[in-house]
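Please consider the following model, beginning with the surroundings of a single residue and proceeding to the open and enclosed spaces of the protein.

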Amino acid sequence: MDPTTDNAGNTGAPGDARASLEALRAEIAKAVVGQDPAVTGLVVALLCRGHVLLEGVPGVAKTLLVRALASALELDTKRVQFTPDLMPSDVTGSLVYDARTAEFSFQPGPVFTNLLLADEINRTPPKTQSSLLEAMEERQVTVDGTPRLLPEPFLVAATQNPVEYEGTYPLPEAQLDRFLLKLTVPLPTRQDEIAVLTRHAEGFNPRDLHAAGVRPVAGPADLDAARAAVAKTTVSPEITAYVVDVCRATRESPSLTLGVSPRGATALLSTARAWAWLTGRDYVIPDDVKALALPTLRHRVQLRPEAEMEGVTADSVITAILTHVPVPR
């Protein structure tokens, strides 16, 4: 049977899908400089049907990154600026009365898209934050008792500022656990920052990605083929046990009050499989687990106050655990 072809002219064959997704880095680099790890993380999340929490100070191109990814994948994207007065219906949609028909009709909210950028999610109260929970977990929104399915693919990329906490509402552990990955978006290196300023001096407009040369290099057919291939990636019993041992070690760490749950272990296995496939293998090795451990687990653990005062971080605890847990041969 012939593979399907999407609007971008890409076939749905697994090999072609991998090449197309690898080409995303080069395409997004036309708009965003030096954020390859974040790009890879977003692709892994799409392959695993998960969501991403992007953490970085203002001005490091978090919004531009999501918009460039949507353009390169030919997906629809919407942005919501979270504020203290934002209501749940502003995200999910609501019933609107139509005087002409004397009936209520559903007006979809911005959540009905492929890539939803939830900007500064920690600036809105828990009631509005929780309006995303059903959408993220169930891929649907229920309004007035009627469930409404969201488009496929669907990914929430939520951002938060790590240095400014005044007037914010930190995400509770239950909601943090709904995010597949937590990606840190660092400040650029000196050379990358020079490249950014050079582009702007030459007329780069971040609001016009088409003029910057960003074109679709993959599409829904590639994504479907890639997901099917990832699902066939082999995981040996030894690798499964290794993932469990790493996650159980977080529950026994003296520096943590909260370790990784079984859902976190499942997430680590999924992201390791996606990474293995992206790197050209149809089986998972321990290095795949190590490569995705930090972004998959760092937001699922909670430090003890005394450890935090001593300068211990979630990343340092997980890194130490990866060093001490025996690696299968």
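In this predicted model, V312 touches S255, L303, A307 and V317, when residues up to four places away in sequence are not counted. Of these partners, S255 lies 57 residues from V312 along the chain, and the C-alpha atoms of the two are separated by 7.9 Å. V312 itself is placed in the loop between α13 (305–309) and α14. Is V312 buried or partly exposed? Its relative accessibility is 22%, and because buried means under 20%, V312 counts as partly exposed.

The helix that follows this loop, α14 (314–324), also takes part in the largest pocket, where it supplies at least two residues of the lining. The same holds for β1 (52–55), α7 (173–176), β9 (181–184) and β11 (302–303). Among these elements α7 gives the most, with three residues. The space in this pocket amounts to about 880 Å³. Its lining comprises 29 residues, and those nearest the centre are L176, K182, R298, H299 and V301. By class, the lining of the largest pocket contains 12 nonpolar, nine polar and eight charged residues.

The second largest pocket holds about 560 Å³ of space. Here 28 residues form the lining, with G59, V60, A61, K62 and L64 closest to the centre. Two or more residues each are given by α3 (62–73), β8 (155–160) and α8 (190–201). Which of the elements provides the largest share of this lining? It is α8, with five residues. The lining of the second largest pocket divides into 14 nonpolar, eight polar and six charged residues.

The enclosed space remains to be described. The count comes to one cavity of 30 Å³ or more, and the volume of the largest cavity is about 30 Å³. Its lining consists of R25, I28, A29, V32, G34, Q35, D36 and V39. Both α1 (14–28) and α2 (36–48) supply at least two of these residues. In terms of class, four of the lining residues are nonpolar, two are polar and two are charged.

Technical notes. Residues are numbered from 1 along each chain as its sequence is written. This is a predicted model: local features need pLDDT of at least 70, side-chain atom pairs count only at pLDDT 80 or more; totals for chains, interfaces and linings use all residues. Side-chain values use heavy atoms; hydrogens and water are left out. On a 1 Å grid over the protein atoms alone, a cavity is a set of points where a 1.4 Å probe fits but cannot get out, and a pocket is an open set with protein on both sides within 12 Å along at least five of seven lines; lining residues have an atom within 4 Å of a point. Grid points are joined across faces, edges and corners, and a volume is the space filled by probe spheres set on the points. Helices (H or I, at least four residues) and strands (E, at least two) are DSSP runs, numbered from the N terminus. Ala, Val, Leu, Ile, Met, Phe, Trp, Tyr, Cys and Pro count as nonpolar, Asp, Glu, Lys and Arg as charged, and the others, Gly among them, as polar. Buried means under 20% relative accessible area, exposed over 50%, partly exposed in between (1.4 Å probe, protein chains only). Contact means heavy atoms within 4.5 Å.
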